[in-house]
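Visitor: Please take one loop residue and its surroundings and go through them closely. State the cut-offs behind each term as it comes up.

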Amino acid sequence: NYDFTAIRNELQKQLHKNRYDHTLGVEKTAVLLAKLHNVDINKARLAALLHDCAKNLSDNKKIEICKKYNIELSCEELNNLDLIHAKIGSVVAKYIYEVKDTDILNAITYHTTGKPNMTSLEKIIYISDYIEPGRDKAPNLKEIREVANKDLDKALFMILSDTIDYLRASNNYIVPLTMDAYEYYNNILY
Ligand code: DGI
Ligand code: FE
Ligand code: FE
Ligand code: FE
């Protein structure tokens, strides 16, 4: 019952060309993973399409939306507004695109950091964001793509691990939720 063509057209207006192309790559990958792992395909498609819908909003617009919807921001988030495009994207999906499904909204909210105990849909969006065909810079992509077809938890953990390594190496602030997700999946897998 969602008009995916209308949503794509709107996103094409809202996003830079490279970001729109990335979005279509995530859509394709998420649909494929949904089929392989028995997840609702239309939910995966919608979450994938909207996951970065707030990515190219101006800083002022992001802050305006946070105020309007009472989204609390930590100092670190205020200093790195790109970190909150996922949270804001979820709010935009809810109030502008009229998405009501909380699994879809959460998949958008947690697509950058991950979190402990994710649903299959949340994992698929997190993983698809990292492995879609347009991505080529991250290490181990070939292996992670193969693992993702068989084992979502394992692929998720590989991405969390590589992301944390990368953030440490570049002296970047690490969101507590990213570490929580890493610890959680490290515990249940190993
Ligand atoms: O929006 P995308 O570029 O498609 O992807 P994304 O929303 O997953 O954002 C990717 C960036 O987010 C990537 O450069 C790693 C970064 N990131 C993920 N977890 C953390 C983080 N950055 C910081 N500073 N801290 C984190 O915990
Ligand atoms: Fe993103
Ligand atoms: Fe990501
Ligand atoms: Fe993305």
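**A loop residue and the helices around it**

Guide: Asp40 sits in the loop between helix H2 (17-36) and H3; helices (H or I, at least four residues) and strands (E, at least two) are DSSP runs, numbered from the N terminus. The model is predicted: local features need pLDDT of at least 70, side-chain atom pairs count only at pLDDT 80 or more, and totals for chains, interfaces and linings use all residues. Residues are numbered from 1 along each chain as its sequence is written, while chains are lettered from A and ligands numbered from 1 in the order in which they are written.

Asp40 has 15 C-beta neighbours inside 10 Å and so counts as partly exposed. On this scale, with C-beta atoms placed from the backbone, a residue is buried if 20 or more other C-beta atoms lie within 10 Å of its own, exposed if 12 or fewer, and partly exposed in between. Ser120 is 80 residues away from Asp40 along the chain, yet their C-alpha atoms are separated by 9.8 Å.

Ser120 belongs to the contact of H8 with H10, but H8 also packs on H3. The axes of H3 and H8 cross at roughly 45° and come within 10 Å. Axes are lines fitted to C-alpha atoms, for helices over the stretch in contact, and angles run from 0 to 180 degrees between N-to-C directions. H3 and H8 are therefore oblique to each other; angles under 35 degrees count as roughly parallel, over 145 as roughly antiparallel, 65 to 115 as roughly perpendicular and the rest as oblique. Their crossing is right-handed, that is, the near helix is turned clockwise from the far one by less than a right angle, anticlockwise being left-handed.

On the H3 side the contact is made by Lys43, Ala44, Ala47 and Ala48, and on the H8 side by Leu121, Ile124, Ile125 and Ser128; two residues are in contact if their C-beta atoms, placed from the backbone, lie within 7 Å. By class, the residues of this contact are six nonpolar, one polar and one charged. Ala, Val, Leu, Ile, Met, Phe, Trp, Tyr, Cys and Pro count as nonpolar, Asp, Glu, Lys and Arg as charged, and the others, Gly among them, as polar.

H8 (residues 120-131) also packs with helix H10 (residues 152-169), at an angle of about 50° and with the axes 10 Å apart. That angle makes H8 oblique to H10, and the crossing is left-handed. H8 contributes Ser120, Lys123, Ile124, Tyr126, Ile127 and Tyr130, and H10 contributes Leu152, Ala155, Leu156 and Ile159. These residues divide into eight nonpolar, one polar and one charged.

Before H8, in the loop between H7 and H8, is Asn117. Its phi is near 55°, a positive value in a residue other than glycine, and with 10 other C-beta atoms within 10 Å it is exposed.

H3 (41-50) has a further role as cover: together with helix H4 (59-68) and helix H7 (102-109), it is included in what covers the buried residues of H6. Nine of the eleven residues of H6 (residues 85-95) are buried, so H6 is largely enclosed by the rest of the structure. Among them are His85, Lys87 and Ser90.

As for the setting, the protein chain has eleven helices and zero strands, and 37% of its 190 residues count as buried.
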